[in-house]
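This report describes selected features of one protein chain for a reader new to structural biology. The sequence and the structure are shown first, and the description follows.

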Amino acid sequence: MRSAAPAPRVIAVVGPTAAGKSDLGVFLAQQLGGEVVNADSMQLYRGMDIGTAKLTPDERGGVPHHLLDIWDVTEPANVALYQKLARAEIDRLLAEGRTPVLVGGSGLYVRGAIDVLDFPGTDPAVRARLEGELEQEGPGALHRRLAAADPEAARVILPGNGRRIVRALEVIEITGQPFTANLPTHESVYDTVQIGVDVGRPELDERITLRVDRMWEAGLVDEVRALEERGLRDGRTASRALGYQQILAAFAGDCTEDEARAETVRATKRFARRQDSWFRRDPRVHWMSGATHDRAELPHQALALVERAVTA
């Protein structure tokens, strides 16, 4: 008797910035008859190309990429909207017999796409009041308030991250529940194979430094200047992107361009550590070495893992 066809699979390639996720995603899509669905929150923005390491059309190897360049830099991030868009792309690809390959290091966006996760709505009046309090009192005071209302949320949200603190307090006020009650679980919507690209910290730090140098050489400063004319400073999310925030500060005279470059390197290294910590907490991620000495083997090992999972 013929066995039933395997359940539709989604592939997710995750891990810290500069680990090599984008190239691996292209390879897997080529081999599996798939298409890439972007899960990098900053690559959703039009014109933010150099600073987000967005693959050029040539680098995409003929593989269709979805959910790139869909928002203007003045629009705030909206993970709930992203969830709807990403699932629509995944469902369409599965219906067409194509393999969705989700690629990105924005942890909440990845989880929003593939896991059971409902995002509470927003209340403009509550949000405006909390943002006013943030401006008057500073993030420290609001973080202490969050710690009293939801200690677990205060533990995972940095005291200086005013935007996330405001969102957590807003959710608590709207829902009457702790913010952490709305954090993602490990319950999947899709049958997903998650591949984490692992690069040791010293090597990853070197890659980040080299990547930032190349971004500057490729014209990141000019890219930010052009986006500033299109309203980048007014974008609550885009203006805080790594590299863009630091260069805007240099334009404003708050630091030199060399200082902005050095701070971009430091901030990106810190961000990579947070990304790594986020994905390490998910026991479903299969970690594979993306170190330079293993780079030639990584694509084939990842493909073998996916094929084993599909036929298991």
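## Two residues with positive phi

Aspartate 69 counts as partly exposed because its relative accessibility is 29%, a value that falls between the limits of 20% for buried and 50% for exposed residues. The model discussed here is a predicted one. Aspartate 69 is placed in the loop between β3 and α2, the latter covering residues 79–95. Although aspartate 69 is not a glycine, its phi is positive, at about 60°.

Alanine 53 also has a positive phi, of about 55°, and is not a glycine. This alanine is found in the loop between β2 (34–38) and β3 (65–66). With a relative accessibility of 24%, alanine 53 counts as partly exposed.

## The sheet and its order

Which strands make up the open sheet, and in what order do they lie? The sheet has six strands in the order β3-β2-β4-β1-β5-β6, and their pairing is parallel. Its edge strands are β3 and β6, each of which pairs on one side only.

At the β3 edge, two bridges hold β2 and β3 together in the parallel sense. Valine 37 stands opposite histidine 66 of β3.

## Strands β1 and β5

How many of the residues of β1 are buried? Five of its six residues are buried, so β1 is largely enclosed by the rest of the structure. On one side, β1 pairs with strand β4 (residues 99–103) over three bridges, in the parallel sense. Within this pairing, isoleucine 11 stands opposite valine 101 of β4. Strand β1, which covers residues 9–14, is also joined to β5 by six bridges, and these two strands run parallel. Arginine 9 stands opposite aspartate 191 of β5, while valine 14 has glycine 196 of β5 as its bridge partner.

Strand β5 (residues 191–198) is itself mostly covered, with six of its eight residues buried. Five bridges connect β5 with strand β6 (residues 285–289), and the two run parallel. In this pairing, the bridge partner of isoleucine 195 is histidine 286 in β6.

## The nonpolar cores

The largest nonpolar core has 68 residues. The residues with the most contacts inside this core are Leu28, Met48, Tyr82, Leu102 and Ile195. Ile195 thus has a place in the core as well as a bridge partner in β6. Apart from the largest core lies another, of 14 residues, which include Val126, Ala154, Ile165 and Val171.

What does tyrosine 82 touch, if residues up to four places away in sequence are not counted? Its contacts are Asn38, Ala39, Leu44, Leu67, Trp71, Leu102, Tyr109 and Ala113. One of these, Leu102, is also listed among the residues with the most contacts inside the largest core.

## A buried aspartate in helix α8

Is aspartate 205 buried or exposed? Aspartate 205 is buried, because its relative accessible area is 15% and the limit for a buried residue is under 20%. This aspartate lies in helix α8, which covers residues 201–218. When neighbours within four places in sequence are left aside, aspartate 205 is in contact with Lys269 and Arg273.

## Arginine 233 and the second largest pocket

Arginine 233 has its place in the loop between α9 (220–229) and α10 (244–251). At a relative accessibility of 38%, this arginine counts as partly exposed. Leaving aside neighbours within four places in sequence, arginine 233 is in contact with Glu228, Ser239, Leu248, Phe251 and Ala252. Arginine 233 and valine 73 are 160 residues apart in sequence, and their C-alpha atoms are 8.7 Å apart in space.

Arginine 233 also helps to line the second largest pocket, together with Gly235, Arg236, Ser239, Arg240, Gln245, Leu248 and Ala249. Two of these lining residues, Ser239 and Leu248, appear among the contacts of arginine 233 as well. The lining divides into two nonpolar, three polar and three charged residues. The space in this pocket is about 170 Å³.

Methods. Residues numbered from 1 in each chain as written. Predicted model: local features only at pLDDT ≥ 70, side-chain atom pairs only at ≥ 80, totals over all residues. Heavy atoms only, no water. Core = buried A, V, L, I, M, F, W, Y, C linked by side-chain atoms within 4.5 Å. Buried < 20%, exposed > 50% of the residue type's maximum accessible area, 1.4 Å probe, protein only. Contact = heavy atoms within 4.5 Å. 1 Å grid on protein atoms, 1.4 Å probe; cavity = no way out; pocket = protein on both sides within 12 Å on 5 of 7 lines; lining within 4 Å. Points joined across faces, edges and corners; volume = space filled by probe spheres on them. Nonpolar A, V, L, I, M, F, W, Y, C, P; charged D, E, K, R; others polar. Helix = DSSP H or I, 4+ residues; strand = E, 2+ residues; numbered from the N terminus. Pairing = 2+ DSSP bridges.
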